[in-house]
Amino acid sequence: MSTSSTVERAFAAALYADTDTALDTGASTLAADPASDAELARRGEEFVAAAWRRGWQPADVVRIVRRDLDDVHVHLVIISILKEREGDREPRGARWAAQLDELGAEPHEVRTDRFSRATATLELYRLLLRLPSIEPLDPPRAPVTARAPQETRMLTRIRALLAKAEATGFPEEAEALSAKAQELMARHTIDEALLAARTHAKDAPGACRIGVESPYETAKAVLLDAVAGANRCRAVWNDDLCFSTVVGFEPDLEAVELLYTSLLVQATAAMTKAEAAQRAGGRKRTKTFRQSFLAAYAHRIGDRLAAVAEEQVTAAETEGALLPVLAARDVAVTEHLDQMFPETRTTRMRGITDEAGWHEGYAAADRAQVQGRRPLP
């Protein structure tokens, strides 16, 4: 019997049914035929390639596998993704390459018996087979300005500021560092927009996906939306698949990813500290407190970030040259978003019922006075 027929029989038994009995039958078929391992792995690469054709990217697939399955499945899908890369001839761009590099740095050795591994593989393939089609992100565009070294220095400085903000145990220092990072991001956006206008560069908006995962995913999505708006981007949240698609110009997308990740770390630290103080006072409503805290934090931090961005625009406006350029970019971002998402709907935040949590979150964001400051030494 050929290895292909072994895999086909296992797939016929397990992939299109949801019962444990069907899964056991398929896994037993594979476990009994070691010669089928190579063919089974090749089929995994095909499932991964099919996900790419449906709009998914490596980080998206790993995120959904991590959410719905276990560590062994994450390891298996990383192996399939990295193996598929060897035969992939499509131009994928820098973001795709960075995702693969990050996955390549993860340990992906799986030690288990043949039956357990076959079971996990079939569970993974079930999930990959049923991934829906999602909005494809734009194909990579060649850079149109020769500023890569300067961009790298700017982003390196921003990353360093945010890393210090996350590491410090002093809230006011963290807030000052985050404010300075947003200031640099706003200035970077302005510089890029003016340079593109002067050189008549044909820059166009693109998009990226950022994970927005439970718990308290609605509040996190609102926080990401606030960060995106402050950096002249737009965000659309897919709550079913645990990510938001952010649309904007490339330097701004990088800024959004950096700042959102850092603010989420800082918000979580502030929430944990405030929650501990509440518990010390005898209260127990942890879930509602956290949800309300993060909602208030996201709401207030949006105002603060927007104020910093507007302050930088005002400071940089000379002879009326900047505002039309930024307005044109805003229109381009909106048009691109409408093309990608012709139908969207708004959603309401629910479960914001804890007054103490709201006030604590609002105060935590209010302390982060995101406004222009003197450059830090």
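Visitor: What does Arg67 form a salt bridge with, and how far apart are the closest atoms?
Guide: Arg67 forms a salt bridge with Asp68, the closest N and O atoms being 2.6 Å apart, where a salt bridge means a side-chain nitrogen of Lys or Arg within 4 Å of a carboxyl oxygen of Asp or Glu. This is a predicted model, in which local features need pLDDT of at least 70 and side-chain atom pairs count only at pLDDT 80 or more, while totals for chains, interfaces and linings use all residues. Residues are numbered from 1 along each chain as its sequence is written, and side-chain values use heavy atoms, with hydrogens and water left out.

Visitor: Is Arg67 buried or exposed?
Guide: Arg67 is partly exposed at 38% relative accessibility, and Asp68 is partly exposed too, at 41%; buried means under 20% relative accessible area, exposed over 50%, and partly exposed in between, with a 1.4 Å probe and protein chains only.

Visitor: How many salt bridges does the structure hold?
Guide: The structure holds 16 salt bridges, and one of them joins Asp330 to Arg232, with the closest N and O atoms 2.7 Å apart. Asp330 lies in helix H13 (residues 322–340) and Arg232 in the loop between helix H10 (217–230) and strand S2, so this pair ties together parts that are 98 residues apart in sequence. Helices (H or I, at least four residues) and strands (E, at least two) are DSSP runs, numbered from the N terminus.

Visitor: Switching to strands, which one does S3 pair with over six bridges?
Guide: That is S1, residues 206–211, which pairs with S3, residues 243–248, in the antiparallel sense; two strands pair if DSSP finds at least two bridges between them. Within this pairing, Ala207 stands opposite Val247 and Gly206 stands opposite Gly248. S2, residues 234–238, is also antiparallel to S3, joined by five bridges, and Arg234 has Val247 as its bridge partner in S3.

Visitor: And how many residues of S3 are buried?
Guide: Six of the six are buried, so S3 is largely enclosed by the rest of the structure. Phe243, Thr245 and Val247 are on one side, with Ser244, Val246 and Gly248 on the other. In a regular strand the side chains alternate between the two faces of the sheet.

Visitor: What about cysteines, how many disulfides are there?
Guide: The count comes to zero disulfides, a disulfide being a pair of cysteine sulfur atoms within 2.5 Å. For Cys208, the nearest cysteine sulfur is that of Cys233, 7.7 Å away, which is too far for a bond. Cys208 is buried at 3% relative accessibility, and Cys233 is buried at 4%.
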